[in-house]
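Hi there,

I'm passing a protein structure on to you, as promised. Please open it alongside this email and have a look around before reading on.

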Amino acid sequence: MIDVLGNSFTMIGAAVGAVLLCLIQVYQVHSYVAAVVEFSPTGVDGPVVPPLTVANNLYRYEEFVLEAKKSFADIIVFPEYGLTTTFPSNNRTMALEFGQVVPQKSDNGNPCADDNQSIEYETVRRLSCMARDNRIYLVANLIERDDKQGAGTMLYNTNVAFDSNGTVVSRYRKHNLFGEFALNTTTESDISIFEAFGARFGMVTCFDLMFQHPAVTLVRKYGITDLIFPTAWIHELPFLTGPQAQASFAYGNRVNILASEYNVPEEGHSGSAIILGRNPNGEYIATITQEITNMLLVATVPTDTNGPNNNEQENGIIKGSLGQGKSKGLRMNKNLLLTEDKLEDYTAVPLPKNTLDSSIEACNNNFCCLLTFSIKKMDIFNFHYQLLIFDGVRTHMEGRYETEMQVCALVACSDDTKAGCSKPPSDSSYSSVTEFNKISIQATFKSNVTLPNTLNSQTLLPFQLSDYSFNVNQQNFFTVIERAEPIKNIHTFGIYSHDYLL
């Protein structure tokens, strides 16, 4: 069942067939209709049998394309590893069997019109024909095979974009691999851009969102307006659940995001979204599921950001749902894997239980931030909010990858320990009864790429941009996130920044 909670959309339980969430355009601005697919591939439970696995998933892709066209979609995005499952990413022999030859944009290749009938071209040809036959732009992720003369076979995690004629208009090879030891990476990150419907699209994949190149570079140097994001993201509390990280990037960089997620909740995968990061209200639709789910999300995306911005009457979209019944969020969910960030190097300051109005200033290394708050209602016997501050190097996958970060955030923790701040919202149920009159967090960062980071404890989805104000001084990088009206259900509320300048 589907319902609106706060300013968010969530979906609970198993979905039978494709479930459609639709945002309806009510003001005539320049726009396009986007569709993203939350998809659990055939083969996630095994066995994975190339090419049968791909053939089955291609058939299912065709069903989603037909469904998207019923909603007048102009573009559809499928997830990372949606055709192959993630298994071949760490199995070179299997990855070679899945490998496909992909034409470059410069070749003006239209695989559907090509005479090449080889098995290494079949998947690309089927996708091209899917786009052409349905007159839709289509983005799919696959394992690309590139037989370089003298260098052997290279295998890439690749996004391919087809226009509505079936022509390849862009290709992106994932630069920042998350493990994926069977695959190769590019020496430098691809800059993959195409234009359609009055928008300027760029493509990245999953873990790329954590790095300057190519994700931030695409927005701030090359001026893309819309980011296509196939992903197999794994949720991590308290700052990096899927739609939370997507919204953080979208709002901080003022870019729309079309995120299509690989769905295996017990492994931490779920969370597709369409986020209007260029809209001052930051409207979005998103889903997080606790059971294997296949569903379609559709939204009208304005390309005219100078139009009116009243989301209730004029601009772009109205939030709407086709489901029945009441959604209760994911607070008591036991099937969705939520991994935990290691916070031992953070400075953590518990909020006092004996006062309703206070300010806390604290530092980590030489980075300091100020929290000012007023509480309207709380349970003094069950209250473990903490201010977390960090300035240093974050590692991923047991130290294999590093990113420099600065973070300042209010987090609902299960107890007064640092480790308790990575626990699921079900362990900090007091957040549903704690009501803040106002909250303000401010700090001066090293970077001008500072991002709002929020999470609603009831829905496990981010707060909408209209729920708070977020301001960055581009001269000295002084950043403020604040809420001036009463608010409940805060799990995370803060500022997240990577230590690089653009």
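Below are some notes on confidence, helices, sheets and a few backbone details.

First, a word on confidence. Please keep in mind that this is a predicted model. The protein chain averages a pLDDT of 87, and 86% of the residues score at least 70. Two stretches call for some care. Over residues 1-29 the pLDDT stays under 50, and the model has 114 contacts beyond four places in sequence for them. Residues 307-332 also stay under 50, with 80 such contacts beyond four places in sequence.

Next, a pair of helices. Helix H1 covers residues 52-70 and helix H3 covers residues 122-134; their axes come within 11 Å and cross at roughly 15°. Angles under 35 degrees count as roughly parallel, so H1 and H3 are roughly parallel to each other. Their crossing is right-handed. On the H1 side, the contact includes Val-54, Ala-55, Leu-58, Tyr-59 and Val-65, while H3 contributes Thr-123, Arg-126, Leu-127, Met-130 and Asn-134. Sorted by class, the contact of H1 with H3 has nine nonpolar, two polar and three charged residues.

Now to the sheets. One is an open sheet of six strands in the order S9-S10-S11-S13-S14-S15, with mixed pairing. Its edge strands are S9 (193-196) and S15 (284-286), each of which pairs on one side only. Neighbouring strands in this sheet are turned by 20° against each other on average, direction ignored. Within the sheet, strand S13 (residues 256-261) and strand S14 (residues 273-275) run antiparallel and are joined by three bridges. If you'd like a place to zoom in, Ile-257 has Ile-275 in S14 as its bridge partner.

Helix H5 (residues 242-253) packs on this sheet, where it touches strand S11 (226-231), S13, S14 and S15. The direction of H5 makes about 20° with that of S14.

There is also an open sheet of five strands, in the order S18-S21-S22-S28-S24, and its pairing is antiparallel. Here the edge strands are S18 (347-350) and S24 (450-456), each pairing on one side only. The average turn between neighbouring strands of this sheet is 15°, direction ignored. Strand S21 (residues 385-396) and strand S22 (residues 401-412) run antiparallel, with twelve bridges joining them. Tyr-385, for instance, has Ala-412 in S22 as its bridge partner.

Which strands of this five-stranded sheet does H5 touch? H5 packs on the sheet through contacts with S24 and strand S28 (490-498), and its direction makes about 140° with that of S24. H5 therefore turns up in both descriptions, packing on the six-stranded sheet and on the five-stranded one.

Finally, some backbone details to look for. The peptide bond from Gly-46 to Pro-47 is cis, with omega near -10°. You will find Pro-47 in the loop between strand S4 (31-38) and H1. Another cis peptide bond runs from Leu-237 to Pro-238, with omega near 10°; Pro-238 sits in the loop between strand S12 (236-237) and H5. Glu-180 has a phi near 50°, a positive value in a residue other than glycine. Look for Glu-180 in the loop between strand S8 (168-173) and S9.

Happy exploring, and do write back with any questions!

Best wishes

Note on methods
Residues numbered from 1 in each chain as written. Predicted model: local features only at pLDDT ≥ 70, side-chain atom pairs only at ≥ 80, totals over all residues. Heavy atoms only, no water. pLDDT = per-residue confidence, 0-100. Contact = heavy atoms within 4.5 Å. Axes fitted to C-alpha atoms, helices over the stretch in contact; angles between N-to-C directions. Helix = DSSP H or I, 4+ residues; strand = E, 2+ residues; numbered from the N terminus. Parallel < 35°, antiparallel > 145°, perpendicular 65-115°, else oblique. Left-handed = near helix turned anticlockwise from the far one by under 90°. Nonpolar A, V, L, I, M, F, W, Y, C, P; charged D, E, K, R; others polar. Pairing = 2+ DSSP bridges.
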